[in-house]
Amino acid sequence: MKLFNTLSEKKEELTPGPSGKFTMYFCGPTVYSYAHIGNFRTYLLQDVLVRTLEADGYNPCVARNITDVDDKTIGRSVRSNVSLKNFTEKWTRIFHRDCDALNIKSPNFEPRAAEHINEQIDMVKTLIDKGFAYAAHDGSVYFKISAFDGYGALSNLRERTLKTQELDSAGKKNLADEYDRDSVSDFALWKSAKAADGENFWPSPWGNGRPGWHIECSAMAKKYLGETIDLHSGGVDLKFPHHENEIAQSECANGKRFSRYWMHINHLLVGGAKMSKSLGNLYTLSDILAKGYSAQCLRYALIAAHYSQQLNFTFNNLEAAKNATGRLRNFFNKISNGAPVQRFAIAEWEFFGDAFAALLDDINTPACLGSIFKVINESTVEALDGMQKSKLAGEFSTLMYCLGLQLDDAEASIEIPEKIQKVAADRWNAKQSKNFQEADLLRRQLLDSGWVINDTKDNYSIEKM
Ligand code: AMP
Ligand code: ZN
């Protein structure tokens, strides 16, 4: 497989490390609210990468963390008067539910930052011992960026900018988890406890406090995947400062290269602006389901464009995706006739070689889908003999695995629990009596339990997510 390596800025042959596996670390969600569909674009394209490597005969080993200690999780949990653990547990559960609905494979490891405080403290200690970090008088610890020559290599920061800025543009030490290029400066590895943190602090050699955001990924990648990993990935917004800081921490602490390849997924936009929680222009999976589109349809819409390009989200994309997945399903039904299909035993591609080659060429999903539809449009299935038909079905099924599209109609016969039927009826009645706030609340409650309501003019139906 070939992949564009953000570090070298070149498309390179992707080869596994000495273990023969592909060790990969994906920066996971910050669990303080719903993940939005922009976040899911990133996780979905990473999922297509993992699946394609599997179909190509490799054995990827993935760690994707849960960020449950940072400015946002602590701030929100303190404000809502819920313990950090209970608060982040709720959002982690909802994240898992959405990943399942979108058919995103679970990672081999899913470490949580709050459960790895010791590992983070150990790494900070090593950085101080080696002269790459220092403790300030208030008990916070900072990484000294001028001590690491390689700082800025991933995001092309100019050396001049770096050397002159020990402090950020406001003349302060940088304590924020997230900041932009104008504020490049020594960044916090450990933050001393503040009143606003409530009870969320841990003892350390520098006093009570908590880790900065960046150190968790360095410490957990090392613990689960080793000092050098094969590939690291996240959305483009993580290149700076998060990934730059991860490289600095890991390479200085371990004395080894951190990651051989870097893959960055470009943003999902709405009306030309980045979809983000802070801009408030976001859609969640539940919002999409509530509009009557399936999770599969959303999956298709989000993977259909190349990961290196921005994608502007519209409901027209979803309509097109609905149509496309319908055509794929019809084709699958026609070639499989409901019989089980063997996949993954493809020594030589006969029908869909171009489509698979497109995935091997920098995960070119639009080219892959284009090739698939070309074959679908041109092939006369009736003319094929039994052997050829089953080969065609096997190849098609392997590609659907890589793209993570499930074409069997398993949902049809799901039983709806009585409790859910009752809430749905209450919601319908609330809506009929124009009590929209109550109706909305009940709809959310159903979504959180994994059920979607589709309204028609006179009635409604209940569907499993
Ligand atoms: P967060 O939960 O904010 O840490 O983000 C989780 C992942 O989603 C990270 O890899 C981000 O880079 C990525 N991400 C955030 N916003 C977008 C977006 N609009 N489009 C695609 N990926 C995004
Ligand atoms: Zn990270």
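I began with what pairing requires, for I take two strands as paired if DSSP finds at least two bridges between them. I also kept in mind that this is a predicted model.

**Entry: strands S9 and S10**

I looked up the partner of Ile 229 and found that this residue stands opposite Ser 259 in S10. Strand S9, residues 229-235, and S10 run parallel and are joined by six bridges. Following the chain from S9, I passed through helix H7 (residues 239-254) before reaching S10, and I noted this β-α-β crossover as right-handed. Strand S10 covers residues 259-265 and is mostly covered, with six of its seven residues buried.

**Entry: the zinc ion (ligand 2)**

I then listed the protein donors of the zinc ion (ligand 2), which are Cys 27 (SG), Cys 217 (SG), His 242 (NE2) and Glu 246 (OE), at 2.0 to 2.3 Å from the ion. Along the chain these donors follow the spacing C-x189-C-x24-H-x3-E. Cys 27 lies in the loop between strand S3 (22-26) and helix H1 (37-55), while Cys 217 lies in helix H6 (residues 214-225), so that the pair, 190 residues apart, links distant parts of the chain. I found both Cys 27 and Cys 217 buried. The arrangement is irregular because the four donor atoms subtend angles of 77 to 132° around the zinc ion (ligand 2), whereas a tetrahedral count needs all angles between 85 and 135 degrees.

**Entry: helix H13**

Last, I checked helix H13 (residues 386-403), whose 18 residues should span 26 Å at 1.5 Å a residue, and its end C-alpha atoms are indeed 26 Å apart. Its buried residues include Leu 392, Phe 396 and Tyr 401. The buried residues of H13 pack against several helices, among them H1 and helix H10 (315-336).

Terms used: Residues numbered from 1 in each chain as written. Chains lettered and ligands numbered in written order. Predicted model: local features only at pLDDT ≥ 70, side-chain atom pairs only at ≥ 80, totals over all residues. Heavy atoms only, no water. Buried < 20%, exposed > 50% of the residue type's maximum accessible area, 1.4 Å probe, protein only. Helix = DSSP H or I, 4+ residues; strand = E, 2+ residues; numbered from the N terminus. Right-handed = clockwise from strand over helix to strand, strands pointing away. Donors = N, O, S within 2.8 Å, 3.2 Å for Na, K, Ca; no water. Tetrahedral: all angles 85-135°; square planar, octahedral: opposite > 155°, others 65-115°. Expected span 1.5 Å × (residues − 1). Contact = heavy atoms within 4.5 Å.
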